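User: I am new to this structure and should like to understand the terms used to describe it. Please explain the reasoning behind each one.

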Amino acid sequence: MNLEKSTQVFAEAKEVIPGGVNSPVRSFRSVGGVPPFIDGGKAAKIYDIDGNEYIDYVLSYGPLLLGHAHPVVTEAIQKAAEKGTSYGAPTAAEVELAKLVLKFMPSMDMVRMVNSGTEATMSALRLARAYTGRDCIVKFIGCYHGHHDSLLVKAGSGAVTLGVPDSPGVPAAVAGTTITVPFNDEAALEKVFVERGSEIAGVILEPTPGNMGLVPPKEGFLEFIQSLTKKYGALFICDEVMSGFRAAQGGSQSLFDIDPDITCLGKVIGAGLPVAAYGGKKEIMQMVSPAGPMYQAGTLSGNPLAMAAGIAALNYILDNDVCARVESMTAILTGGLQKIADKYGVPVQIHRLGSMFTVFFSDKPVTDFDSACACDLEAFKIYFHTMLENGVYLPPSQFETNFVSLAHGPEEIEKTLAAAEKAFKAVAEKK
Ligand SMILES: *Cc1c(COP(=O)(O)O)cnc(C)c1O
């Protein structure tokens with residue numbers, strides 16, 4: 001694989017952009033090597049500036065459920081662009097996308113559009129704090145909710161501790177209002193509520209975490225959180241920025257007996273344009289300015305290009321049963337990967353939910369952040385680079401989730417499995 005041009009541009013990039021990238025994972029730091037610089041994408045494939053082509057399982061980290069440059073989305077954006085790119089005034093398209101989102105997510109009565117998942121969770125926390133008059137937030141270790149101060153905290157392994165900043169620059173006072181608990185640990189969560197229940201504004205989680213790799217909740221865990229938050233008067237906040245429209249058409253929350261107070265969405269909702277949203281029960285959402293006193297605003301929020309893309313994509317997803325179709329293709333792929341791993345005797349835990357999956361290189365069950373961290377990262381690196389060299393672009397980290405799109409058909413799956421033959425063989429030979 002020739003990456004001459006990418007190598008050159010990456011070197012230039014590092015002079016003008018920190019680490020050469022605008023979001024850290026893109027730098028390939030955890031797997032090594034030069035990240036291909038992308039020139040374009042069509043359907044299931046991306047093309048780099050050296051002319052290499054790849055079947056793409058990153059899909060912009062989730063948004064592209066319909067694949068790259070789907071004509072329905074592209075046309076909607078073009079049409080909208082001809083009428084201007086932003087007004088700073090209300091449009092009917094915002095109402096249309098809001099109604100569509102509420103149709104997918106019955107737990108939400110009202111929704112506010114923002115520009116990124118980070119903004120959605122940041123606003124959701126402010127809302128929970130405003131509504132309850134409390135300051136503390138509970139989050140789970142290994143769940144990612146964006147990069148704002150309150151949630152950039154993961155704390156020590158195992159123990160329930162006071163938040164310690166995960167990044168320099170996060171004030172200890174802010175991190176101190178974030179209490180972290182291991183995922184799937186009911187006893188630890190209950191202990192936090194028994195000790196500090198009256199201070200807790202809300203519990204935020206990815207109901208089916210995808211940011212430590214894909215880890216399912218234990219049976220009853222989400223229901224337990226819901227009953228505990230109710231008992232203590234805290235809000236139950238589901239961050240479905242990744243899992244919305246991916247775990248299932250109605251997000252992860254449609255798969256369990258839960259009814260969150262606030263839900264955060266992003267990624268698929270904008271079909272690759274910068275859109276995210278937070279919403280929930282009417283009584284709570286009425287706190288948001290200008291209906292209520294909690295301030296939150298955005299110059300480009302509800303942007304007409306982004307609304308057009310979201311409306312086109314969500315209508316297409318609804319009308320064509322896209323989630324179920326992509327899910328069945330994903331299941332064929334993960335079934336195939338498991339068979340090949342078994343054939344070469346490579347121990348893996350393959351988790352799949354809807355159109356998301358992770359191949360964990362571990363011989364033990366992965367149920368939380370600690371067990372995810374116990375994976376064989378050297379094996380992952382070999383797997384990753386062999387797949388890349390054979391034209392399959394995977395997320396460059398063991399702790400990211402892979403995504404499949406409607407454009408991934410039998411031909412792409414077959415090519416991917418052919419690459420996986422080589423990749424698992426290479427892993428087995430290195431042992
Ligand atoms: C991606 C993601 C975010 C952050 O969204 P950005 O648009 O990157 O700010 C928040 N929560 C979850 C669960 C995510 O997967």
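Analyst: The answers below concern a predicted model and take up a helix pair, a cavity and a pocket.

User: How do you know that α12 and α13 are in contact?

Analyst: Contact requires heavy atoms within 4.5 Å. In α12, the residues that meet α13 are Ala-379, Ile-382, Tyr-383, Thr-386 and Met-387. Their partners in α13 include Thr-416, Ala-419, Phe-424 and Lys-430. By class, this contact has ten nonpolar, two polar and two charged residues.

User: What describes the crossing of helix α12 and helix α13?

Analyst: Two packed helices are described by the angle between their axes and the distance between the axes. For α12 (residues 377–389) and α13 (residues 410–430), the axes come within 8 Å and cross at roughly 145°. The crossing is right-handed.

User: Why is a space called a cavity?

Analyst: A space is called a cavity because a 1.4 Å probe fits there but cannot get out. Two cavities of 30 Å³ or more are counted, and the largest holds about 60 Å³ of space. Its lining includes Phe-380, Tyr-383, Leu-394 and Glu-400. Both β13 (356–360) and α12 give two or more residues to that lining.

User: What makes a residue part of the lining of the second largest pocket, and which lie nearest its centre?

Analyst: A lining residue has an atom within 4 Å of a point of the pocket. For the second largest pocket, 22 residues line the space, and Glu-94, Arg-112, Gly-298, Ser-301 and Gly-302 lie nearest its centre. This pocket holds about 460 Å³. The lining has eleven nonpolar, nine polar and two charged residues.

Methods
Residues numbered from 1 in each chain as written. Predicted model: local features only at pLDDT ≥ 70, side-chain atom pairs only at ≥ 80, totals over all residues. Heavy atoms only, no water. Axes fitted to C-alpha atoms, helices over the stretch in contact; angles between N-to-C directions. Helix = DSSP H or I, 4+ residues; strand = E, 2+ residues; numbered from the N terminus. Left-handed = near helix turned anticlockwise from the far one by under 90°. Nonpolar A, V, L, I, M, F, W, Y, C, P; charged D, E, K, R; others polar. 1 Å grid on protein atoms, 1.4 Å probe; cavity = no way out; pocket = protein on both sides within 12 Å on 5 of 7 lines; lining within 4 Å. Points joined across faces, edges and corners; volume = space filled by probe spheres on them.
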